[in-house]
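Me: I'm new to this structure and would like a close look at the packing of its interior. Could you start from one buried residue and lead me on from there in one connected answer?

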Amino acid sequence: MTEIIKREAIYLLYYFEIQIKQILPYWAFGIVLGSIISVFAKNKILKAVESLNNTRLGTLGVIPASLLGIASPLCMYGTIPIAASLAKLKMREDWIGAFMMSSILLNPQLIIYSSALGFYACLLRVVFCTFGGIFAGLLIRLLFKNKSYFNFTGFEKIHNRDNDPNMLIRLLKNIWRNVKATGPYFLIGIALTAVYQRYVPQDTFASLFGENNKGFGILLAATIGVPVYVCGGGTIPLLAEWLRTGMSMGAGVSFMITGPATKITNLSALKAVLGIKHFAMYIYFIIIYSILSGFVTDYILANIF
């Protein structure tokens with residue numbers, strides 16, 4: 001029994017080491033890039049969002065608002081106070097919705113992490129997350145043109161932790177905070193991937209998510225994205241292995257949308273500013289959009305590219 005345990009431990013360490021070598025550079029670069037943007041470009045991004053209020057883009061404003069949401073390095077608890085300040089400036093709610101939705105789905109760090117999945121998967125993530133913000137804004141405009149969708153009471157202020165006068169120290173502190181926040185989940189993701197590689201038969205997984213079972217795989221991926229997704233950096237190793245061993249790209253896209261959109265910390269913050277009814281509408285939108293994105297990827301884009 002002892003020899004069996006030792007042998008299995010060696011196998012798991014072997015798979016763990018392989019995943020570390022493959023994924024660690026993307027995680028580390030994403031941490032550094034995200035911190036650089038947060039320290040040196042965050043205020044410029046926020047001013048760019050506020051400057052939209054001085055334009056006459058109308059409904060088309062959801063496009064730059066969504067793109068700026070993706071560029072924002074803030075977490076949801078940082079995004080909501082910014083959205084609250086935009087609301088106080090009388091910014092259109094469809095623009096605010098587009099900014100918040102894309103900010104939930106994607107950020108600069110997660111783009112770098114996702115490049116470990118390959119160029120095509122990373123590109124699809126950026127495209128579908130951008131359109132996710134745009135469509136969310138358009139729906140808010142369509143359904144809530146003459147009434148309010150958000151309630152930002154109590155979220156007007158944000159605590160800025162990047163306030164050290166020395167810019168280098170400020171950057172290093174930001175990097176360390178990101179390492180502490182994502183590092184444990186990254187290692188857990190690596191460990192789960194090692195376990196998956198060792199013990200889950202490739203044929204079994206392919207039968208659930210593979211090319212011969214695309215439709216069911218998309219629905220299943222949209223579902224498991226809810227409980228499995230905790231941190232973007234933590235799920236990348238597992239998702240990379242899933243895609244390598246048979247998951248269709250559409251199922252991967254569906255997982256990449258429902259995951260961050262239903263992360264528990266994001267949901268708890270959103271529920272506070274939406275209320276039960278509007279929060280339920282948000283959940284319906286995410287589920288439907290993720291499934292549609294998966295089907296578009298597997299049944300339309302796959303035939304073009």
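Reply: Happy to. Let's begin with tryptophan 242, whose relative accessible area is 8%, so this residue is buried. Please keep in mind that you are looking at a predicted model. A good companion to visit next is phenylalanine 255, where the relative accessible area is 1%; this residue too is buried, because the limit for that word is under 20%.

To see how these two belong together, look at the aromatic rings. How many aromatic pairs are there in the model? The count comes to 11. One of them joins tyrosine 149 and phenylalanine 150: their ring centres are 4.9 Å apart and the ring planes meet at 80°, so the pair is edge-to-face. Both tyrosine 149 and phenylalanine 150 are buried. Our starting residue is in another such pair, since the rings of tryptophan 242 and phenylalanine 255 have centres 5.5 Å apart and planes at 80°, which makes this pair edge-to-face as well. Tryptophan 242 belongs to helix H10 (residues 232-244) and phenylalanine 255 to helix H11 (residues 249-261), so their pair ties together parts that are 13 residues apart in sequence.

From H11 we can follow the chain into the loop between H11 and H12, where lysine 263 lies. Is lysine 263 buried, exposed or partly exposed? With 22% relative accessibility, lysine 263 counts as partly exposed, because that class begins where buried, under 20%, ends. The C-alpha atom of lysine 263 is 7.9 Å from that of cysteine 231, although 32 residues along the chain separate the two.

Beyond that loop comes helix H12 (264-304), and threonine 297 is one of its residues. At 1% relative accessibility, threonine 297 counts as buried. Which residues does threonine 297 touch, leaving out those up to four places away in sequence? They are Leu124, Phe128, Met249, Gly250, Val253 and Ala302. Met249, Gly250 and Val253 fall within the residue range of H11, so this brings us back to the helix that holds phenylalanine 255.

H12 also leads us to an open space. The second largest pocket holds about 280 Å³. Its lining has 17 residues, and the ones closest to the pocket centre are Ala136, Ile140, Tyr149, Tyr282 and Phe285. Helix H4 (93-105), helix H6 (119-143) and helix H12 (264-304) are the elements that each give two or more residues to this lining. H12 provides the largest share, with six residues. As for character, 16 of the lining residues are nonpolar and one is polar, while none is charged. Two names here link to the aromatic theme: Tyr149 is the tyrosine of the edge-to-face pair with phenylalanine 150, and Phe285 forms one aromatic cluster with Phe131, Phe135 and Tyr289.

Next, let's look at H4, another contributor to that pocket. Serine 102 lies in this helix, and its relative accessible area is 0%, so serine 102 is buried. Apart from residues up to four places away in sequence, serine 102 touches Ala65, Ser66, Gly69, Ile70, Cys129 and Gly133.

Cys129 invites a natural question: how many disulfides does the model have? The count comes to zero. Cysteine 122 is in no disulfide, and its nearest cysteine sulfur, on cysteine 129, is 9.9 Å away. Cysteine 129 is likewise in no disulfide, with the sulfur of cysteine 122 as its nearest, at 9.9 Å. Why is neither joined to the other? A disulfide needs sulfur atoms within 2.5 Å, and 9.9 Å is beyond that cut-off. Both cysteines are nonetheless inside: cysteine 122 counts as buried at 10% relative accessibility, and cysteine 129 at 1%.

For contrast, step just outside H4. Lysine 90 sits in the loop between helix H3 (76-88) and H4. At 71% relative accessibility, lysine 90 counts as exposed, whereas serine 102 is buried. The backbone of lysine 90 also deserves a glance, since its phi is near 65°, a positive value in a residue other than glycine. Most residues other than glycine have a negative phi.

One last stop is alanine 194 in helix H7 (residues 167-199). With a relative accessible area of 3%, alanine 194 is buried. Leaving out residues up to four places away in sequence, alanine 194 touches Leu12, Tyr15 and Phe16.

Conventions. Residues are numbered from 1 along each chain as its sequence is written. This is a predicted model: local features need pLDDT of at least 70, side-chain atom pairs count only at pLDDT 80 or more; totals for chains, interfaces and linings use all residues. Side-chain values use heavy atoms; hydrogens and water are left out. On a 1 Å grid over the protein atoms alone, a cavity is a set of points where a 1.4 Å probe fits but cannot get out, and a pocket is an open set with protein on both sides within 12 Å along at least five of seven lines; lining residues have an atom within 4 Å of a point. Grid points are joined across faces, edges and corners, and a volume is the space filled by probe spheres set on the points. Helices (H or I, at least four residues) and strands (E, at least two) are DSSP runs, numbered from the N terminus. Ala, Val, Leu, Ile, Met, Phe, Trp, Tyr, Cys and Pro count as nonpolar, Asp, Glu, Lys and Arg as charged, and the others, Gly among them, as polar. Buried means under 20% relative accessible area, exposed over 50%, partly exposed in between (1.4 Å probe, protein chains only). Contact means heavy atoms within 4.5 Å. Rings of Phe, Tyr and Trp (its six-membered ring) pair if their centres lie within 6.5 Å; planes under 30 degrees apart count as stacked, over 60 as edge-to-face and the rest as tilted.
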